[in-house]
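Reader: I'm new to this one. Could you walk me through how to read it?
Author: Sure, let's have a look together.

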Amino acid sequence: MAESGFNRQTLPQLITTIRSDILTRMNTDPVLRRLDAEVYARVQAGAVHTVYGYLDYLARNLLPDLCDEDWLVRHANMKRCPRKAETYSSGFARWEGVPAEKTVPAGAILQDGNLTEFTATASATSIDGVLKLPVVCSVAGTVGNIDDNSVLTLNSPVSGLPSTAAADSFEGGAEIEDLDVWRARVIERWYYTPQGGADSDYVIWAKEVAGITRAWTYRHWSGTGTVGVMVANSDLVNPIPAESIVTAAKEHIAPLAPVAGAMLTVFAPTVHVVDMSIRITPDTATTRFAVIAELRAMFQRDGVPAGELDISRINEAISIATGEYKHVLVRPTVNIPIGKSELAVLGEVTWS
């Protein structure tokens, strides 16, 4: 049963309770076997047990913190907080040193080394030996956020043009919103009543955009009456969203912001890289990996704008890493303040 203060009896307990109640009220000797009372008890207990089960189900689903996914859809719809769908990455396939006036038609298909397909959204013609073909990934999610200069191969060759191109500026792909992250946004909607432009409103609006999971509001960012909204994702290695996502966040927030409001600035944070030197025992690859994982999680919790990375907290994160017996934090030696527009990110770790 959900935490409602109600204690649900088990089926055997219900059978015993109802049997005893029937026998007591009918003044029947309980030692006699094959009584009708036994049948009554079992039938009624089974029915009541089902009712209790449904009450248990309702108690768990009436609020969004414990509800099933189907019920979360209902709660989210009532708060106008739909789940963020997956998005498709886009970028360019780039050829250099190609003959003039070479054209690749719209609809051309390319593949990367993982056989992920990318489709040209428009035709492109080479200029000054460079051809940049706009393409979109055919598969939604982060799989399409490939690194610059990754090899893309044309499925159908184009006369006079090399079959391989280089990936250029692929970004914008995101997975469907994680269930727990979505649940947290729905609860946030219950907790913070929309106020037509309060600090929390801008945070909620920003996190409605795919690829944005964290946001901060700054009053009078560029002068009296202006608003600054800093947006980031929850990636432990690179929390900085792509420029296209920052632009999408601004375009989403602008119509929702108060009409009388002044200039709105939406921007990504600056990375505050923190290098470390650590001596651990035992010094194994597994222990190092665990320490780095714990430090990155701690940086996400504590390395927020205008926050501070406390040495004691860093030591705590290292200590709870699986396999760590003891350690010495050689560097840093003092607390690390984080700027107003910065996010802390773990840099290079030197193992002394």
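Reader: Let's begin with empty space inside the protein. How many cavities of 30 Å³ or more does the count come to?
Author: First, the general idea. On a 1 Å grid over the protein atoms alone, a cavity is a set of points where a 1.4 Å probe fits but cannot get out, while a pocket is an open set with protein on both sides within 12 Å along at least five of seven lines; lining residues have an atom within 4 Å of a point. Points are joined across faces, edges and corners, and the volume is the space filled by probe spheres set on them. Here the count comes to 1 cavity of 30 Å³ or more. The largest cavity has a volume of about 70 Å³.

Reader: Before we go on, what kind of model is this?
Author: It's a predicted model: local features need pLDDT of at least 70, side-chain atom pairs count only at pLDDT 80 or more, and totals for chains, interfaces and linings use all residues. Residues are numbered from 1 along each chain as its sequence is written, and side-chain values use heavy atoms, with hydrogens and water left out.

Reader: Which residues line the largest cavity?
Author: Among them are Arg214, Asp235, Phe299 and Val345. Helices (H or I, at least four residues) and strands (E, at least two) are DSSP runs, numbered from the N terminus. Helix H7 (285-302) and strand S16 (342-351) are the elements that give two or more residues to this cavity's lining. The lining divides into 6 nonpolar, 2 polar and 3 charged residues. In that split, Ala, Val, Leu, Ile, Met, Phe, Trp, Tyr, Cys and Pro count as nonpolar, Asp, Glu, Lys and Arg as charged, and the others, Gly among them, as polar.

Reader: And how much space lies in the largest pocket?
Author: About 700 Å³. It has 29 lining residues, and the closest to its centre are Thr142, Gly173, Ala174, Gly211 and Asn233. Strand S8 (residues 164-171) gives the most to that lining, with 3 residues.

Reader: Where does Thr87 lie?
Author: In the loop between helix H3 (69-78) and strand S1 (90-96). Contact means heavy atoms within 4.5 Å. Leaving aside neighbours within four places in sequence, Thr87 is in contact with residues including Ala140, Gly173 and Ala174. A polar atom of the Thr87 side chain also lies 2.7 Å from the backbone oxygen of Gly172. Thr87 and Gly211 are 124 residues apart in sequence, yet 8.8 Å apart in space, C-alpha to C-alpha.

Reader: Is Thr87 buried, partly exposed or exposed?
Author: Buried means under 20% relative accessible area, exposed over 50%, partly exposed in between (1.4 Å probe, protein chains only). Thr87 is partly exposed because its relative accessible area is 21%.

Reader: How many salt bridges does the structure hold?
Author: A salt bridge is a side-chain nitrogen of Lys or Arg within 4 Å of a carboxyl oxygen of Asp or Glu. The structure holds 12. In one of them, Asp168 pairs with Lys132, their closest N and O atoms being 3.4 Å apart. That pair links distant parts of the chain, with Asp168 in strand S8 and Lys132 in strand S6 (residues 130-137), 36 residues apart. Asp168 is buried, at 12%, whereas Lys132 is partly exposed, at 38%.

Reader: Can you show me one more pair?
Author: Try Arg189 and Glu208, whose side chains meet in a salt bridge at 2.0 Å, N to O. Arg189 lies in helix H4 (residues 179-191) and Glu208 in the loop between helix H5 (199-206) and strand S9 (214-219), so the pair ties together parts 19 residues apart in sequence. Both Arg189 and Glu208 are buried.

Key: Polar contact = N/O pair within 3.5 Å; in protein donor to acceptor, adjacent residues only side chain to side chain.
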